[in-house]
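Subject: Structure handover

Hello,

Here is the structure for you to look over. Please open it first, then read the notes below.

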Amino acid sequence: MNLEHDVRPAPAPVVLTIGIPAYNAAASIEAAVLSILRQTWRGSMEILIVDDGSTDRTVQIANRLSQQYGAVRVVQHGGNLGRPAARNTILRESRGEYLTWADADDERCANNRAVRFDELLASAEAQAGEPVI
């Protein structure tokens with residue numbers, strides 16, 4: 001799929017990490033990632049996919065997306081450790097100042113991230129330094 005705009009991340013620091021825990025999500029992971037890359041928000045971001053020991057082609061698809069789009073990064077668990085472990089890995093590996101979650105079968109409308117992130121930055125929680133959205 002050819003996206004109309006450059007989806008390479010801006011140089012460090014990464015502002016937003018979008019964490020995706022994935023297990024046997026070969027049928028949906030590409031559409032989920034592409035819907036994030038099509039977002040109208042143009043800040044520095046990474047999409048961090050944690051493959052939790054999938055037995056289908058999830059990790060191969062995720063690795064291909066990582067090679068194709070510099071904003072995508074993949075971490076692979078050696079086996080199925082469960083969704084909480086995948087989320088904990090995302091928390092540890094995240095490079096963003098802010099963090100949000102997506103599921104491996106989510107498809108987002110084009111302005112979803114822009115609206116939510118702008119609201120966060122204007123909110124009292126952002127002023128208090130709350131790092132997770």
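Start with α3, in what is a predicted model. Three of its residues to look at are A86, T89 and I90, and they are buried. They sit on the same side of α3, because the arc they cover around the axis is only 100°. The other side of α3 carries P84 and R92, which are exposed. What do the buried residues of α3 pack against? Their partners are β1, β2, β3 and β4, the last of these spanning 98-101.

There is a simple rule behind this kind of pattern. An α-helix has 3.6 residues a turn, so residues three or four places apart point the same way.

Now the chain as a whole. It has five helices and four strands. Read from the N terminus, the order is β-α-β-α-β-α-β-α-α. There are 133 residues, and buried ones make up 47% of them. Take the contacts between residues at least 6 apart in sequence: 78% of these join residues at least 24 apart.

Next, α2. Here T58, V59, I61, A62 and L65 are buried. They too lie on one and the same side of their helix, since their arc around the axis is only 160°. The buried residues of α2 pack against β1, α1, β2 and β3. Q60 is also in α2. Is Q60 buried or partly exposed? It counts as partly exposed, because its relative accessibility is 38%, and the buried class stops at under 20%.

α1 is another case. It is largely enclosed by the rest of the structure, because seven of its nine residues are buried. Those buried residues are I29, A32, V33, L34, S35, I36 and L37. They pack against β1, β2, α2 and β3.

That leads to the nonpolar cores. The largest has 26 residues. Which of them touch the most other members? They are I20, I29, V33, L37, M45, I47 and I49. The elements that give two or more residues to this core are β1, α1 (29-37), β2 (45-51), α2 (58-68) and β3 (72-76). α1 gives the most, with five residues. V33 is worth a click. Setting aside neighbours within four places in sequence, V33 is in contact with I20, I47, I49, L65 and V72. A second core is separate and has seven residues, including L48, V75, I90 and L99. I90 is one of the buried residues of α3 mentioned above.

Then the loops. N24 is in the one between β1 and α1. Its phi is near 50°, a positive value in a residue other than glycine. N24 is partly exposed, with a relative accessible area of 31%. R57 is in the loop between β2 and α2. R57 is exposed, as its relative accessible area is 52% and the exposed class starts at over 50%.

Two distances link these regions. R57 and N24 are 33 residues apart along the chain, yet their C-alpha atoms are separated by 7.4 Å. Q60 and A26 are 34 residues apart along the chain, and 8.7 Å separates their C-alpha atoms.

Last, the largest pocket. Its volume is about 150 Å³. How many residues line it? There are 13, and P21, A22, Y23, R83 and A104 lie nearest its centre. Two elements give two or more residues to the lining: β1 (16-22) and α3 (83-93). By class, the lining has six nonpolar, three polar and four charged residues.

If you want a route through the model, try this order:

- α3: A86, T89 and I90 on the buried side, P84 and R92 on the exposed one.
- α1: seven of nine residues buried, and five residues given to the largest nonpolar core.
- The loops: N24 between β1 and α1, R57 between β2 and α2.
- The largest pocket: P21, A22, Y23, R83 and A104 nearest its centre.

Over to you.

Best wishes

How values were computed. Residues are numbered from 1 along each chain as its sequence is written. This is a predicted model: local features need pLDDT of at least 70, side-chain atom pairs count only at pLDDT 80 or more; totals for chains, interfaces and linings use all residues. Side-chain values use heavy atoms; hydrogens and water are left out. On a 1 Å grid over the protein atoms alone, a cavity is a set of points where a 1.4 Å probe fits but cannot get out, and a pocket is an open set with protein on both sides within 12 Å along at least five of seven lines; lining residues have an atom within 4 Å of a point. Grid points are joined across faces, edges and corners, and a volume is the space filled by probe spheres set on the points. Ala, Val, Leu, Ile, Met, Phe, Trp, Tyr, Cys and Pro count as nonpolar, Asp, Glu, Lys and Arg as charged, and the others, Gly among them, as polar. A nonpolar core is a set of buried Ala, Val, Leu, Ile, Met, Phe, Trp, Tyr and Cys residues joined through side-chain atoms within 4.5 Å. Buried means under 20% relative accessible area, exposed over 50%, partly exposed in between (1.4 Å probe, protein chains only). Contact means heavy atoms within 4.5 Å. The arc is that of the directions from the helix axis to the C-beta atoms.
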